[in-house]
Amino acid sequence: MRYSREHKQETHDRIVKKASVRLREKGAHGIGVADLMKEAGLTHGGFYAHFDSREALVIEAFGYAMDRSMEHWRKQSDQVTPEKQLSQIVETYLSAVHRDNPAHGCSIPALGAEIARESPKTRKAFAGKLDEMIEMITDFIPNLPRKAARKQAIATLATMAGTMLLARIAGSSELSDEVLKTGKDSALDGARREPKAAAAKKAKQS
């Protein structure tokens, strides 16, 4: 049976979506092609009608997951004023809900260590999406020059992702809650301090 181009694209997208969830849940090597295809309701033999290799699927799944994170950030930021956007992202990111649901959360703490061991092609694709994330966070820091805002964005994302990784290592425990709170306080402090410093410098110059 021949399927339409639209049907094939829908199937392709379904596989990518399923893979993005399972990869974050079980790791880049925690689930095989046969299992991914089964979850998508397809046979193993149909895999290569959609992807040249497992690596191609992994790259698309990573990209999909990171795009969903950024889409979530956009929705969160739309709910508040520009000055509060970064704080809003930090609050929702460093939460128990995110900690306890890695399959639908950010790819960086879920897969970052594994990505570092992947092929140059996979790392390059992931790095491109990482740069998009940094640029988005930079946009949420309106009171600083672009270069300084990007520097702060990198520091904030590193704090967020590192905190989430440590909180998950500690599990759902008092230590994990302590890690989340401490990381959140640090990220929020950084988010607030830089704009205040910029405002003070501007006032001094005027």
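**Close-up views of a predicted all-helix model**

Glu132 lies in helix α7. The model shown in these views is predicted.

**Figure 1. Glu132 of α7 and its partners Asp67 and Met70.** With a relative accessibility of 38%, Glu132 is classed as partly exposed, because that class covers the range between under 20% (buried) and over 50% (exposed). Apart from neighbours within four places in sequence, Glu132 contacts Asp67 and Met70. Glu132 and Asp67 are 65 residues apart along the chain, and 9.2 Å separates their C-alpha atoms.

**Figure 2. The protein as a whole, with nine helices and zero strands.** Read from the N terminus, the order of elements is α-α-α-α-α-α-α-α-α. Along the principal axes, the C-alpha atoms fill a box of roughly 70 × 40 × 35 Å. The protein has 206 residues, of which 41% count as buried. Of the contacts between residues at least 6 apart in sequence, 69% link residues at least 24 apart.

**Figure 3. The largest nonpolar core, made of 47 residues.** Leu57, Phe62, Trp73, Tyr93, Ile108 and Met133 are the residues with the most contacts inside this core. At least two core residues come from each of α1 (5–26), α2 (33–39), α3, α4, α6 (107–115), α7 (120–139), α8 (146–170) and α9 (174–205). In soluble globular proteins, nonpolar side chains tend to be buried together. Ile108 can be taken as a centre for the view: beyond residues up to four places away in sequence, Ile108 touches Met66, Phe126, Leu130, Met133, Leu157 and Ala161.

**Figure 4. The packing of α3 against α4.** Two packed helices are described by the angle between their axes and the distance between the axes. For α3 (residues 54–77) and α4 (residues 85–93), the angle is about 125° and the axes are 9 Å apart. This angle makes α3 oblique to α4. The two helices cross with right-handed geometry. On the α3 side the contact is formed by Trp73, Gln76 and Ser77, and on the α4 side by Gln85, Gln88, Ile89, Thr92 and Tyr93. Three of the residues in this contact are nonpolar, five are polar and none is charged.

**Figure 5. The packing of α3 against α6.** Here the helix axes are 11 Å apart, at an angle of about 150°. The helices α3 and α6 are therefore roughly antiparallel, since angles over 145 degrees are placed in that class. The crossing of α3 and α6 is left-handed. Phe62, Ala65 and Met66 of α3 meet Ser107, Ile108, Leu111 and Ile115 of α6. The contact of α3 with α6 comprises six nonpolar residues, one polar residue and no charged residues. Phe62 and Ile108, both in this contact, are also among the residues with the most contacts inside the largest nonpolar core.

**Figure 6. The packing of α4 against α8.** The axes of α4 and α8 are 10 Å apart and make an angle of about 10°. The two helices are therefore roughly parallel to each other. Leu86, Ile89, Val90 and Tyr93 on α4 meet Thr156, Met160, Ala161 and Met164 on α8. By class, this contact of α4 with α8 holds seven nonpolar residues, one polar residue and no charged residues. Ile89 and Tyr93 of α4 take part here and also in the contact with α3.

**Figure 7. Thr156 of α8.** Thr156 counts as buried, since its relative accessibility is 2% and the class takes in values under 20%. Beyond its neighbours within four places in sequence, Thr156 contacts Leu86 and Val90. Leu86, Val90 and Thr156 are among the residues through which α4 and α8 meet.

**Figure 8. Two loop residues, Asp52 and Asn143.** Asp52 is located in the loop between α2 and α3. At a relative accessibility of 75%, Asp52 counts as exposed. Between the C-alpha atoms of Asp52 and His7 there are 19 Å, and the two residues are 45 residues apart along the chain. Asn143 belongs to the loop between α7 and α8. A relative accessibility of 38% puts Asn143 in the partly exposed class. Asn143 and Pro82 lie 9.5 Å apart, C-alpha to C-alpha, with a separation of 61 residues in sequence.

Note on methods:
Residues numbered from 1 in each chain as written. Predicted model: local features only at pLDDT ≥ 70, side-chain atom pairs only at ≥ 80, totals over all residues. Heavy atoms only, no water. Axes fitted to C-alpha atoms, helices over the stretch in contact; angles between N-to-C directions. Helix = DSSP H or I, 4+ residues; strand = E, 2+ residues; numbered from the N terminus. Parallel < 35°, antiparallel > 145°, perpendicular 65-115°, else oblique. Left-handed = near helix turned anticlockwise from the far one by under 90°. Contact = heavy atoms within 4.5 Å. Nonpolar A, V, L, I, M, F, W, Y, C, P; charged D, E, K, R; others polar. Core = buried A, V, L, I, M, F, W, Y, C linked by side-chain atoms within 4.5 Å. Buried < 20%, exposed > 50% of the residue type's maximum accessible area, 1.4 Å probe, protein only.
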